[in-house]
Amino acid sequence: MNSNESINTTLFSKDFTENPYPTYAKLRETDPVYRVLLPGGQYGWMITRYEDAVEALKDLRFIKDFSKLTNESDRYDSDSIFTHHMLFSDPPDHKRLRGLVQKAFTPRMIEGMRNRIQEIANELLDAVDGKDSMNLIDDFAFPLPIIVICEILGVPSEDRDKFRIWSNSLVEGSSGEHAENMAVHMQEFIEYLGERFAKVRENPRQDLISQLIAAEDEGDKLTEKELYGVVSLLIIAGHETTVNLIGNSILSLLEHPEQLKLLQADPEMIHTALEESLRYNGPVEFSTSRWARENFEFKGKAIGKGDLVIIALNSANHDPNQFTDPEVFDITREKSLHLAFGKGIHLCLGAPLARLEGEIAINSLLQRFPQIKLKAAKNKLEWRPGMIVRGVKEIPLSI
């Protein structure tokens, strides 16, 4: 009991945010399906072992649409547009919503973007070439994926700084500095999308928003709330994961100079290097919320109908029963079935795009600036608050 109480006080603290892995190791050993008090004051279950995580991510008794458990027709009054998409839906709605977006993220479509992503990376690096230093996040890791997703959606890239404010507010708002302004930011975001949709209806093009609106106009394929929900998900999820994937990967490489030298000597190793980075310090800390559809037992714990469940993805990716020497960062590690992008029907739709962006960004940076070094002690870096993303706010580099 004392051990559990100690863990509960450790979870979500500043020390935990900076390095959650020792706490995860204790939980995997002593209480792998752990009754946890979340920052918002709600209790839930945290799953930390790999096998349990895979099972939970695939178990349809854990549902994403909480409204199925209540008679309240609109539980999400204030943020309803941010819950009407595939990430918060269950079959059959999930299949319909995902299918509308899937065609923009096929392997062929993604590979066709390679040259454009390389151009964007080169332009961003050109902008800092000749300087002594750069901020990896502001100068490179953030603008690259937001420019890409803006081009896919048909949104002017000059609006990307607005997206950063809105995205930070939504992702960090529950426990971060943006909490007070979250309602204002979300209203701004809704109004922006409404204006954008009106322009697209007047002048449709070949972009994804035009395609989604066309589907909406055909009838029952996409409701107005679903249109807002899907586009907001793509804008936010379309860059948040990649920003932190690039940042965390560079940090891991700088912390392990022998691995950095391996990759610089053989850029073809970027594929395994990226997968190891995703496993070692992934950009998504926890799965989004699930709720128990019914009463049942899971791994010896009595799960009650309506109980909240989260999966600690980064803990599962450090499970020694699944990965040999999981605390070792090894870019020569054979392909690993990590859970950085989830599992099951909610496997991240944008994973192929995030991988391509990450590979191009990391190799381009290392080839352009082979002598990069971290300009600050790692313990001085500020990790982002919130329960979903794992990443650093700023990463100053000497180049």
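These are my notebook entries on strands, helices and single residues in a predicted model.

**Ground rules**

I number residues from 1 along each chain as its sequence is written. The model is predicted, so local features need pLDDT of at least 70, side-chain atom pairs count only at pLDDT 80 or more, totals for chains, interfaces and linings use all residues, and side-chain values use heavy atoms, with hydrogens and water left out.

**Entry 1: the five-stranded sheet**

I looked up the strand order. Helices (H or I, at least four residues) and strands (E, at least two) are DSSP runs, numbered from the N terminus. I take two strands as paired if DSSP finds at least two bridges between them. Strands of a sheet pair through backbone hydrogen bonds, either parallel or antiparallel. Here five strands form an open sheet, in the order β1-β2-β8-β5-β3, with mixed pairing. β1 and β3 (62-63) are the edge strands, and each pairs on one side only.

I then went across the sheet, pair by pair. β1 (residues 33-37) runs antiparallel to β2, with five bridges. V33 has I47 of β2 as its bridge partner. V36 is bridged to G44 in β2. The hairpin of β1 and β2 has five residues between the strands, and G41 there takes a positive phi near 95 degrees.

Next came β2 and β8 (residues 308-311). They pair in the parallel sense over three bridges. W45 has V309 of β8 as its bridge partner. I47 is bridged to I311 in β8. I47 therefore turns up twice in my list, as it is also the β2 partner of V33.

β5 and β8 run antiparallel and are joined by two bridges. W291 is matched with L308 of β8. At the other edge, β3 and β5 (residues 290-292) run antiparallel, again with two bridges. F62 has A292 of β5 as its bridge partner.

**Entry 2: burial in this sheet**

I checked accessibility next. Buried means under 20% relative accessible area, exposed over 50%, and partly exposed in between (1.4 Å probe, protein chains only). In β2 (residues 43-47), four of the five residues are buried, so the strand is largely enclosed by the rest of the structure. β8 is covered on both faces. L308 and I310 lie on one side, V309 and I311 on the other, and all are buried.

**Entry 3: the three-stranded sheet**

I found another open sheet, of three strands in the order β4-β10-β9, with antiparallel pairing. Its edge strands are β4 (133-135) and β9 (373-374), each pairing on one side only. Three bridges join β4 to β10 (residues 396-398), and these two run antiparallel. N135 stands opposite P396 in β10.

**Entry 4: α13 against α15**

Two packed helices are described by the angle between their axes and the distance between the axes. I used lines fitted to C-alpha atoms, for helices over the stretch in contact, with angles from 0 to 180 degrees between N-to-C directions. The axes of α13 (residues 224-255) and α15 (residues 270-280) come within 9 Å and cross at roughly 95 degrees. That makes α13 roughly perpendicular to α15. The classes are: under 35 degrees roughly parallel, over 145 roughly antiparallel, 65 to 115 roughly perpendicular, the rest oblique.

Which residues make the contact? From α13 they are L245, S249 and S252, and from α15 they are L274, S277, L278 and Y280. Contact means heavy atoms within 4.5 Å. I sorted these residues into four nonpolar, three polar and no charged. Ala, Val, Leu, Ile, Met, Phe, Trp, Tyr, Cys and Pro count as nonpolar, Asp, Glu, Lys and Arg as charged, and the others, Gly among them, as polar.

**Entry 5: two single residues**

I110 sits in α6 (residues 107-111). Is I110 buried or exposed? I110 is buried, with a relative accessible area of 4%. Not counting residues up to four places away in sequence, I110 touches A104, F105, P352, L353 and L356. I110 and L356 are 246 residues apart in sequence, yet 7.9 Å apart in space, C-alpha to C-alpha.

D31 lies in the loop between α3 (21-30) and β1. D31 counts as buried, at 11% relative accessibility. Its side chain is joined to that of K301 by a polar contact of 2.6 Å. A polar contact is a pair of N or O atoms within 3.5 Å; within protein, one must be able to donate a hydrogen and the other to accept it, and residues adjacent in sequence count only if both atoms are side-chain atoms.
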